[in-house]
Amino acid sequence: MTRQVPDFPAAAAAANRTNNAGERSDPDTTSADEFQPPSRRLRRQQNDGEPVTSREEDGGQEPQPQEGGQARRRRDLRETSFLVTGSAKEPATKGWRGVLAKMGLRVEPSKEELAERADVQLVSQHWPGPRTVAVVNRKGGANKTPTVVMLSAILARYGGGPVLAWDNNESQGTLGWRTEQGPHASSVLDLVDSSGKLLSPESNAADLAHYVHHQAADKFDVLRSDENEEGDHEVTAEEVDIAHRVACKYYRLIVMDSGNTSRSANWRRMIDHTNQLVVPVTAMEDRAEAARLTLQTLAARGDHEAELARNAVVIVSESTDAGRGMTGETRKRAKIEADRIETGFREFVREVVRIPYDPALVNGPIRFNALQPATQRAWLRAAAAVARGF
């Protein structure tokens, strides 16, 4: 039996007479190529160097429009990523939730534990460039020195970087009395005298051990004030500039203790270098009034000092001059007074943080591990408030 082969010219002529709608087609616009198999047309176009249309790539079918009549846009590879951005939440470690987690049960941490983790994350940051914190109150006994020690300890223990606690008293301060002493008796004046060597390219961080007193447990260094018994020298503004320049070369965070005279040259120059102001106060009205006057003085000076006052952190401690044995009715009255002071400062500064009474802060060297857990948590909260100002 003879196989019938289509007569392509005849078929083309028939197509010229009518189209699918029954209308005549233009005989000049129909190519014999239209009647060849798709694979043959594809090979011919590839050989001729012509582009292959989407209709031919799809086997002769027209491309389907996307929703709204728009063709699908090919995305740029830079617009996506296969990396997982979220992090797995660690199970609870504290309280009864932590006990269950240690037994192998997957227990979510409480809101309190999550808040603590957030504070730890904040104080553990490394900010670009050094930061200086000034702890000020025009009244003595306002808890300035314990505040300097606690902030320095927390920022050093969690941050892992070099932190300096500097006693910027115009004559003789007490920071050296409340911290460990190194194997020497050097002070800020000795560091200033050796500043040329310390600022030279040949100097290194180990050279600082001749001038600062390292705190082995809490991991920060102390720069003591001048302890000359004659007390015949007051630190000048120029000496503050020199010591601060040295400190910025070797430390990422500098926490400065201060004297009680906001008019002194070294006090005012300290403020010029300050990034974050901290105002400690105890549960006593004269300490609170002195704190208010300190902020008022800075606000009145305008510019940088006024901005520091607006963004200050006030730390209210539930302590008085009653000493280590503050219990019973005295402690109750201190809480009530601390409530009043805390409420009074809230509308004038960025944050107010409350610190419970702890006998470990009253006398002798101050160490973080000696504090009660509630006191440690409160100081962590205070350090996080300070870090938010960086």
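Arg287, Ala288, Ala290, Ala291, Thr294, Leu295 and Leu298 are the buried residues of helix α11. Because the arc they cover around the axis is only 165°, they sit on the same side of α11. The structure is a predicted model, and this report describes α11 and then two pockets.

**Helix α11**

On the other side of α11, Glu285 and Ala300 are exposed. "Buried" here stands for under 20% relative accessible area, and "exposed" for over 50%. The buried residues of α11 pack against three helices and two strands: α10 (265-272), α12 and α13, together with β6 (276-282) and β7 (313-317).

The helix has 17 residues. From its first C-alpha to its last, α11 reaches 25 Å, which is close to the 24 Å expected at 1.5 Å a residue. After α11 comes Gly302, with a positive phi near 75°.

**The two pockets**

Rolling a probe the size of a water molecule over the atoms shows where empty space is left. The table sets out the largest pocket and the second largest pocket.

| Pocket | Volume | Lining residues | Nonpolar | Polar | Charged |
|---|---|---|---|---|---|
| Largest pocket | about 510 Å³ | 30 residues | eight residues | 15 residues | seven residues |
| Second largest pocket | about 330 Å³ | 15 residues | eight residues | two residues | five residues |

The largest pocket holds about 510 Å³ of space. Among the 30 residues of its lining, Gly141, Ala142, Asn143, Pro146 and Arg178 are the closest to the centre. Two elements, α6 (144-159) and β5 (253-258), give two or more residues each to the lining of the largest pocket. The largest share comes from α6, with three residues.

The second largest pocket has a volume of about 330 Å³. Arg292, Leu295, Gly344, Phe345 and Phe348 are the closest to its centre, out of 15 lining residues. The elements that give two or more residues to this lining are α11 (285-301), α12 (303-310) and α13 (328-345).

Which element gives the most to the lining of the second largest pocket? Helix α11 does, with seven residues. Leu295 links the two parts of this report: Leu295 is one of the buried residues of α11, and Leu295 is also among the residues closest to the centre of the second largest pocket. Helices α12 and α13 likewise appear twice, since the buried residues of α11 pack against them and both give two or more residues to the lining of the second largest pocket.

Terms used
Residues numbered from 1 in each chain as written. Predicted model: local features only at pLDDT ≥ 70, side-chain atom pairs only at ≥ 80, totals over all residues. Heavy atoms only, no water. 1 Å grid on protein atoms, 1.4 Å probe; cavity = no way out; pocket = protein on both sides within 12 Å on 5 of 7 lines; lining within 4 Å. Points joined across faces, edges and corners; volume = space filled by probe spheres on them. Helix = DSSP H or I, 4+ residues; strand = E, 2+ residues; numbered from the N terminus. Nonpolar A, V, L, I, M, F, W, Y, C, P; charged D, E, K, R; others polar. Expected span 1.5 Å × (residues − 1). Buried < 20%, exposed > 50% of the residue type's maximum accessible area, 1.4 Å probe, protein only. Arc of directions from axis to C-beta. Contact = heavy atoms within 4.5 Å.
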